[in-house]
Amino acid sequence: MGDAVQQFFAVKAKIAAAEREAGRQAGAVTLVAVSKTFDAADISPVMEAGQRVFGENRVQEAQGKWPALKEAFPDIELHLIGPLQSNKAKEAVALFDVIETVDRDKIAVELAREITRQGRAPKLYVQVNTGSEPQKAGIEPRDAVAFVTRCRDVHGLAIEGLMCIPPADENPGPHFALLEKLGHEAGVAKLSMGMSGDYETAVAFGATSVRVGSAIFGSR
Ligand SMILES: *Cc1c(COP(=O)(O)O)cnc(C)c1O
């Protein structure tokens, strides 16, 4: 068994343990295996071990490797977890099954147009910049609920969840708690939060999916 497969099973076991410890239902948390920078040869063994949900942060990189992988494993669910430029909305709607990084009206307009045009509707999450970091994508927490409402009522987009990336140098717990509160206020059920360093914490705070890269595939 390769390293990535072994680490994949270890992460799955830790998620299951964190679910139990938090009193959550077994299987309540979906593992999104973040495969950015890794190629098909690295990814395939993890798919063969049973993983079907993957995350990529760049549209162009994903376009290079995922169409062939999706042909081999048609039940793949591919998540876009990186910033989306509006000139890439067409490609993103065509390739991804979940887009986690909706964060402004301009991109909502472009996604709505492409969803209508292509007749293909990826699930959508709104990214919230919980730490209000100037260099980071995501809508400001104070604007998040109104933006989710606007996506629904003005842009005609069903938003299923919220996503956040806490500041690297802070305790993530308060950021996860904030995302959970905003999700409740916005009336969305899904919370994408937690990465290699803090996914067990995220499970305790109510994550419905965790995005884990280096703990499975190794350092980038
Ligand atoms: C790269 C990335 C991850 C995974 O990070 P690891 O620390 O390697 O688990 C999760 N979320 C986003 C948005 C990322 O870009």
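**Figure 1. Polar contacts between the ligand and R211, S196 and R220.** In this predicted model, a polar atom in the side chain of R211 is placed 2.8 Å from a nitrogen atom of the ligand. The side chain of S196 brings an N or O atom to 2.5 Å from an oxygen atom of the ligand. R220 contributes a polar side-chain atom that lies 2.8 Å from an oxygen atom of the ligand. The ligand taken alone exposes 390 Å², and 89% of that area is buried by the protein.

**Figure 2. The shell of residues around the ligand.** The ligand is surrounded by V34, K36, I81, M163, I165, M195, S196, R211, V212, G213, S214 and R220. By class, this shell consists of six nonpolar, three polar and three charged residues. The shell includes S196, R211 and R220, the residues shown in the preceding view.

**Figure 3. The largest pocket, the space taken by the ligand.** The ligand occupies the largest pocket of the model. The volume of this pocket is about 330 Å³. Its lining comprises 19 residues, and those nearest the centre of the pocket are K36, I81, I165, M195 and R211. Eight residues of the lining are nonpolar, seven are polar and four are charged. R211, one of the residues nearest the centre, also has the side-chain atom placed 2.8 Å from a nitrogen atom of the ligand.

**Figure 4. The second largest pocket and its lining.** This pocket has a volume of about 160 Å³. Its lining is formed by A28, T30, E77, H79, V98, K123, Y125, E160, K190, T208 and S209. Two strands, β3 (77–80) and β5 (123–127), each provide at least two of the lining residues. Three residues of this lining are nonpolar, four are polar and four are charged. Among the lining residues are E77, K123, E160 and K190.

Technical notes. Residues numbered from 1 in each chain as written. Predicted model: local features only at pLDDT ≥ 70, side-chain atom pairs only at ≥ 80, totals over all residues. Heavy atoms only, no water. Near = heavy atom within 4 Å. Polar contact = N/O pair within 3.5 Å; in protein donor to acceptor, adjacent residues only side chain to side chain. Areas by Shrake-Rupley, 256 points an atom, 1.4 Å probe, with all protein chains shown as cover. 1 Å grid on protein atoms, 1.4 Å probe; cavity = no way out; pocket = protein on both sides within 12 Å on 5 of 7 lines; lining within 4 Å. Sits in = over half its atoms within 2 Å of the grid points. Nonpolar A, V, L, I, M, F, W, Y, C, P; charged D, E, K, R; others polar. Points joined across faces, edges and corners; volume = space filled by probe spheres on them. Helix = DSSP H or I, 4+ residues; strand = E, 2+ residues; numbered from the N terminus.
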